[in-house]
Amino acid sequence: MNKKFNTPLSLLLGSALFFTASLNVVYAAKKDLNQEITVDSKKTAADLKNKIASYLGSVSIRQGSILISADLVQVFSNKDENSDEKSDVYLAKGSPALFQQELEDGSLISLQADEIKYQPSLNIITVAGNAVVKQAGSEVSGSKIIYNTLSEKLEAESNNNETVTTILQPTLLKKQKALKDKAKSDLDKEPKTVSETTEQAPGEATKEEGDSSVEG
């Protein structure tokens, strides 16, 4: 029996600030999908009748900040008969296969597994087989992980003898603590004012007043 976790991402990982700006994935995805696609591989094959393109050997596919790296990538092209819109499905396999994308804040989201299914038109990424999702030092691992960038939901599954593992890194809290410590350190290094010096040495001020009265 598989164990499933289907929870809004903000609730599942909110305490650790994992995927701190999940909507940024959507914005980044739209921006990337408008860029040209570059494919590098050692071998290319095409099934024109069934509209399947296959890339083999050290495959690297780039589109904007998106990077798909795998041993084998197949691209299945479909066209909606009603809307006449074209949609592609990417199936990548490797040890592991990797999907990586840069978010609006400059951080990277990384998904890796034995098999990755990427459906850009549906905003769905499915990773299966030793699946791991990483972002900002935090990660979730399981036998299968599905991430929906629009609904902001992450679904992780585990097989009978496996578990879903979540490793959290509260990076924002660490950053805030570092800034607080730095501010305190800078304050300690600031030179003392004249009033602070007078308050800390009242004996010296009394002696100066005494000398002035003798001369008078």
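The following legends describe close-up views of the pocket and cavity spaces in a predicted model.

**Figure 1. Lining of the largest pocket in the predicted model.**
The largest pocket encloses a volume of about 160 Å³. Its lining is made up of Leu33, Ile37, Gln63, Lys86, Ser87, Asp88, Tyr90, Tyr118, Pro120 and Ser121. By class, these residues comprise 5 nonpolar, 3 polar and 2 charged.

**Figure 2. Strand 6 at the largest pocket.**
Strand 6, spanning residues 86-102, gives the most to the lining of the largest pocket, contributing 4 residues. Lys86, Ser87, Asp88 and Tyr90 are among the residues that line this pocket.

**Figure 3. The second largest cavity and its lining.**
The model holds 2 cavities of 30 Å³ or more. For the second largest cavity, the space amounts to about 50 Å³. Ile37, Ile61, Arg62, Gln63, Ile66, Ile68, Tyr90 and Tyr118 form the lining of the second largest cavity. This lining divides into 6 nonpolar residues, 1 polar residue and 1 charged residue.

**Figure 4. Strands 4 and 5 at the second largest cavity.**
Residues Ile61, Arg62, Gln63, Ile66 and Ile68 are among those lining the second largest cavity. The elements giving two or more residues to this lining are strand 4 (52-63) and strand 5 (66-79). Strand 4 supplies the largest share, with 3 residues.

**Figure 5. Residues found in both linings.**
Ile37, Gln63, Tyr90 and Tyr118 line the largest pocket, and these residues also belong to the lining of the second largest cavity.

Terms used: Residues numbered from 1 in each chain as written. Predicted model: local features only at pLDDT ≥ 70, side-chain atom pairs only at ≥ 80, totals over all residues. Heavy atoms only, no water. 1 Å grid on protein atoms, 1.4 Å probe; cavity = no way out; pocket = protein on both sides within 12 Å on 5 of 7 lines; lining within 4 Å. Points joined across faces, edges and corners; volume = space filled by probe spheres on them. Nonpolar A, V, L, I, M, F, W, Y, C, P; charged D, E, K, R; others polar.
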